[in-house]
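Biologist: I've just opened this one and I don't know my way around it yet. Could you pick a single spot, take me through it closely, and then show me what else is going on in the chain?

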Amino acid sequence: MPMNDEDFNAQGTFYFPVGFRNETQYIAFWVAVVVPDSALAALLNEQVPHEHANNRKLLDMKRSSARSTRRSLLQTPGAAHSEEIKRVLQDLQSKQQARLRELEIEIQKLEQELAKLGPGDPEEILSPVPARPVARATGLVAYLPAGLDGASRDRILGREFELGDGRWMSARDIVDRFETLELSFLRAPRG
């Protein structure tokens, strides 16, 4: 006697999922599978900050460098210094002023680039609240059989998950937004 879908799904775990029987069974498995905290911790630790976040860090570093350069430019050589020291300090200030202009141009370019990425762009770093549904959606997408017809594939990838913060997103959008398919948190830990 064949096993019903519920009993079939009960045999699987997050790290060792059951196979695909049909759309309903497959979605039911990934919506309800228990995601171990170790997988969630791995997901949060592993998610690489996106270019947007890296650009913000770079922008902060450049702003800090520009502030430091401006402060040093405010320090003028004192009257007690010899002419040679004054000349060297003035040469250094000229170089610092040139570097400051370069930094200001770089800062402006980064600010313009970041302004183009609106708040709706897929540049979000995952937090603990939506981690569990994101992990489930990633599993649903990662283990989807390759030979599935287009309509079935679209229905499964269109399955929405509540992220726990009031948002609902399709599995397709989740893996795109959080870039989780390249991460290894789906694999069972060794050891």
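Modeller: Happy to. One bit of vocabulary comes before anything else: a helix here is a DSSP run of H or I with at least four residues, and the helices are numbered from the N terminus. Also keep in mind that this is a predicted model.

The spot I'd pick is Glu-179. Find helix 8, which covers 171–178, and Glu-179 is in the segment that follows. Is this residue buried, exposed or partly exposed? Its relative accessibility is 41%, and since buried means under 20% and exposed means over 50%, Glu-179 counts as partly exposed.

What is the phi of Glu-179? The angle is near 50 degrees, so to speak on the positive side, and this residue isn't a glycine. As a rule, most residues other than glycine have a negative phi.

Glu-179 also has company. Which residues form the negative surface patch? Glu-179 is one of them, along with Glu-160, Asp-173, Asp-176 and Glu-182. Two of those names fall in the range given for helix 8: Asp-173 and Asp-176.

From Glu-160 in that patch you can step to Ser-170. Leaving out residues up to four places away in sequence, Ser-170 touches Glu-160 as well as Leu-157, Gly-158 and Arg-159. Ser-170 belongs to strand 2, residues 168–170. With a relative accessibility of 8%, Ser-170 counts as buried, whereas Glu-179 is partly exposed.

Now zoom out a little. How many helices and strands does the protein chain have? There are 8 helices and 2 strands, and from the N terminus on they run α-α-α-α-α-α-α-β-β-α. The chain has 191 residues, and 34% of them count as buried. Its accessible surface comes to about 11,800 Å², with 53% of that belonging to carbon and sulfur atoms. Take the contacts with a separation of 6 or more: 64% of them are between residues 24 or more positions apart.

Leu-40 gives you a feel for that. Look for this residue in helix 3, residues 37–46. Its relative accessible area is 9%, so Leu-40 is buried. Not counting residues up to four places away in sequence, it touches Val-35, Ala-131, Arg-132 and Ala-135. Leu-40 and Phe-185 are 145 residues apart in sequence, yet their C-alpha atoms are 7.6 Å apart in space.

Lys-62 is another one to click on, in helix 4, residues 51–74. Is Lys-62 buried or exposed? At 16% relative accessibility it counts as buried. Setting aside residues up to four places away in sequence, Lys-62 touches Leu-103, Glu-106, Ile-107 and Leu-110. Its C-alpha is 8.3 Å from that of Glu-104, a residue 42 positions away along the chain.

Last stop: charged pairs. Side chains of opposite charge can pair when their charged atoms come close. A search of the whole structure turns up 6 salt bridges, and here are some of them.

Glu-23 and Arg-155 meet through their side chains at 2.7 Å, N to O. Glu-23 sits in helix 2 (residues 23–32) and Arg-155 in helix 7 (residues 150–157), so this pair ties together parts that are 132 residues apart in sequence. Arg-155 is partly exposed, at 48% relative accessibility.

Then there's Arg-132, which touches Leu-40 and forms a salt bridge with Asp-37, the closest N and O atoms being 3.3 Å apart. Arg-132 is in helix 6 (residues 128–142) and Asp-37 in helix 3, so parts 95 residues apart in sequence are tied together here. Arg-132 is partly exposed, with a relative accessible area of 30%, while Asp-37 counts as exposed at 58%.

For a pair within one helix, try Asp-91 and Lys-95, whose closest N and O atoms are 3.7 Å apart. Both lie in helix 5 (residues 83–116), 4 residues apart, which is about one turn of the helix. Asp-91 is partly exposed, with a relative accessible area of 38%, and Lys-95 counts as exposed at 54%.

Notes. Residues are numbered from 1 along each chain as its sequence is written. This is a predicted model: local features need pLDDT of at least 70, side-chain atom pairs count only at pLDDT 80 or more; totals for chains, interfaces and linings use all residues. Side-chain values use heavy atoms; hydrogens and water are left out. Patches are made of residues with over 30% relative accessible area and no salt bridge: like charges are joined within 9 Å, nonpolar side chains (Val, Leu, Ile, Met, Phe, Trp, Tyr) within 5 Å. Accessible areas come from the Shrake-Rupley method with a 1.4 Å probe; for residues, only the protein chains shown count as cover. A salt bridge is a side-chain nitrogen of Lys or Arg within 4 Å of a carboxyl oxygen of Asp or Glu. Lys and Arg count as positive and Asp and Glu as negative; His and the chain ends are not counted. The place of a charge is taken as NZ of Lys, CZ of Arg, CG of Asp or CD of Glu. Buried means under 20% relative accessible area, exposed over 50%, partly exposed in between (1.4 Å probe, protein chains only). Contact means heavy atoms within 4.5 Å.
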